[in-house]
Amino acid sequence: MFNEKIQIGLKKQLNRELESSQLYLSMASWMECQHGSLEGISNFLYDHSDEERKHMLRLIRYINKRGGSSDIFMKSTFLEEVSYNSLKELFQKLFEHEKIISKEINSLVELSLQERDYFTYNFLQWYIEEQIEEEALTKMILDKIILVEKDKAGLYLFDRDIKNFHQKMKSSCKS
Ligand code: FEO
C-alpha cells in the first residue's frame, strides 16, 4: 500500500503542475492578444504550458505505478487573474509562481525523508533539477525585461533572443 501522506502530497503537487500549465497558457494567450508582434515570448509560454502538463503526467504515472488511487484532480482555486499591466508584471508573477513551486517540491522531499519513502525521494530529484532551471530561466527573462521594457527596439531584439534560445532548448530536448 502506497504511503497515504506521500500520496496526498504528490496529488497536491500534480494539481499545482496542472495549475502551472494553465497559468502559462493564459499568459501565452494574453501575450498573443496584447503583444502580437512579440511571438518569441508567446511561443515560449505556449510551449512551457505543455512542459508543465508533462510534469503533471509524470506525477500521475508515478502514483499509479506505486499502486496509488486514481482520483487525482482537486478543485482548482486558480486563475482568477488573466490580465497584466505590463510584461514586467507578467514575468514577475511567473518568477514568484516558480519560487512557490520550488518551496512545495522541497516540502515534498522533506516528507519523503520523514516517511522513509526513498523511492519517492529518488523520484523527486528530477523535479529539484527542473525547478533550479525554471527559477533561473524565469529570473533571467524578468531581469532582461526590466532592462528593455521601455525600449521598443530592445524589446524586439529580446523577443528574437527568446525565440532563438527557445529553439535551441527544443532541439537539445530532442537529441
Ligand atoms: Fe513544473 Fe514550473 O513547475
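Which residue caps the N-terminal end of α1? Asparagine 3 does, as the second of the close-ups below shows. The model behind every panel is predicted.

**Figure 1. The whole chain is built from helices.** The protein chain has five helices and zero strands, so to speak an α-α-α-α-α read along the sequence. Its C-alpha atoms fill a box of roughly 60 × 35 × 25 Å along the principal axes. Of the 175 residues, 42% are buried. Take the contacts with a separation of 6 or more: 80% of them are between residues 24 or more positions apart. The chain exposes about 10300 Å², with carbon and sulfur atoms supplying 53% of that area.

**Figure 2. Helix α1 and its cap.** A side-chain oxygen of asparagine 3 lies 2.9 Å from the backbone nitrogen of lysine 5, and that is the cap on the N-terminal end of α1. The helix itself covers residues 4-34, which makes 31 residues. At 1.5 Å a residue they should span 45 Å, and the end C-alpha atoms do sit 45 Å apart, so the expected and computed spans agree.

**Figure 3. Helix α2 and the glycine that follows.** With 27 residues, α2 reaches 39 Å from its first C-alpha to its last, close to the 39 Å expected at 1.5 Å a residue. After α2 comes glycine 67, and its phi is positive, near 85°.

**Figure 4. Histidine 55 between two glutamates' side chains.** Histidine 55 sits in helix α2 (residues 39-65). Is this residue buried or exposed? It counts as buried because its relative accessibility is 2%. Leaving out residues up to four places away in sequence, histidine 55 touches Glu17, Trp126, Tyr127, Glu130 and Glu134. Its side chain makes a polar contact of 3.0 Å with the side chain of glutamate 52, and another polar contact, of 3.3 Å, joins it to the side chain of glutamate 130.

**Figure 5. The two glutamates, one after the other.** Glutamate 52 is in helix α2, and at 1% relative accessibility it counts as buried. Beyond residues up to four places away in sequence, glutamate 52 touches Glu17, Ser20, Ser21, Tyr24, Glu98 and Glu134. For a sense of scale, try aspartate 151: it is 99 residues from glutamate 52 in sequence, with 31 Å between the C-alpha atoms. Glutamate 130 is in helix α4 and also counts as buried, at 18% relative accessibility. Its C-alpha atom is 23 Å from that of phenylalanine 73, a residue 57 places away along the chain.

**Figure 6. An edge-to-face pair, tryptophan 30 and tyrosine 84.** The structure holds five aromatic pairs. In the one shown here, tryptophan 30 and tyrosine 84 meet edge-to-face, 5.2 Å centre to centre and with 85° between the planes. The pair links distant parts of the chain, 54 residues apart, with tryptophan 30 coming from helix α1. Both tryptophan 30 and tyrosine 84 are buried.

**Figure 7. A stacked pair, tyrosine 62 and phenylalanine 123.** These rings are stacked, 3.9 Å centre to centre, with 10° between the planes. Why does the pair tie together parts that are 61 residues apart in sequence? Because tyrosine 62 lies in helix α2 and phenylalanine 123 in helix α4 (residues 118-148). Tyrosine 62 counts as buried at 9% relative accessibility, and phenylalanine 123 is buried too, with a relative accessible area of 15%.

**Figure 8. The aromatic cluster and a charge over a ring.** Zoom out a little from the stacked pair and you get one aromatic cluster, formed by Phe2, Tyr62, Phe123, Trp126 and Tyr127. Over the ring of tryptophan 126 sits the charged end of arginine 58, 3.8 Å from the ring centre. Tryptophan 126 and tyrosine 127 are also among the residues that histidine 55 touches.

**Figure 9. Arginine 116, with an unusual backbone angle for a non-glycine.** Most residues other than glycine have a negative phi. Arginine 116 is not a glycine, yet its phi is positive, at about 55°. This arginine is found in the loop between α3 and α4. With a relative accessible area of 64%, arginine 116 is exposed.

Conventions:
Residues are numbered from 1 along each chain as its sequence is written. This is a predicted model: local features need pLDDT of at least 70, side-chain atom pairs count only at pLDDT 80 or more; totals for chains, interfaces and linings use all residues. Side-chain values use heavy atoms; hydrogens and water are left out. Helices (H or I, at least four residues) and strands (E, at least two) are DSSP runs, numbered from the N terminus. The expected span of a helix is 1.5 Å times one less than its number of residues. A polar contact is a pair of N or O atoms within 3.5 Å; within protein, one must be able to donate a hydrogen and the other to accept it, and residues adjacent in sequence count only if both atoms are side-chain atoms. Buried means under 20% relative accessible area, exposed over 50%, partly exposed in between (1.4 Å probe, protein chains only). Contact means heavy atoms within 4.5 Å. Rings of Phe, Tyr and Trp (its six-membered ring) pair if their centres lie within 6.5 Å; planes under 30 degrees apart count as stacked, over 60 as edge-to-face and the rest as tilted. A charge sits over a ring if NZ of Lys or CZ of Arg is within 6 Å of the ring centre and within 35 degrees of the ring normal. Accessible areas come from the Shrake-Rupley method with a 1.4 Å probe; for residues, only the protein chains shown count as cover.
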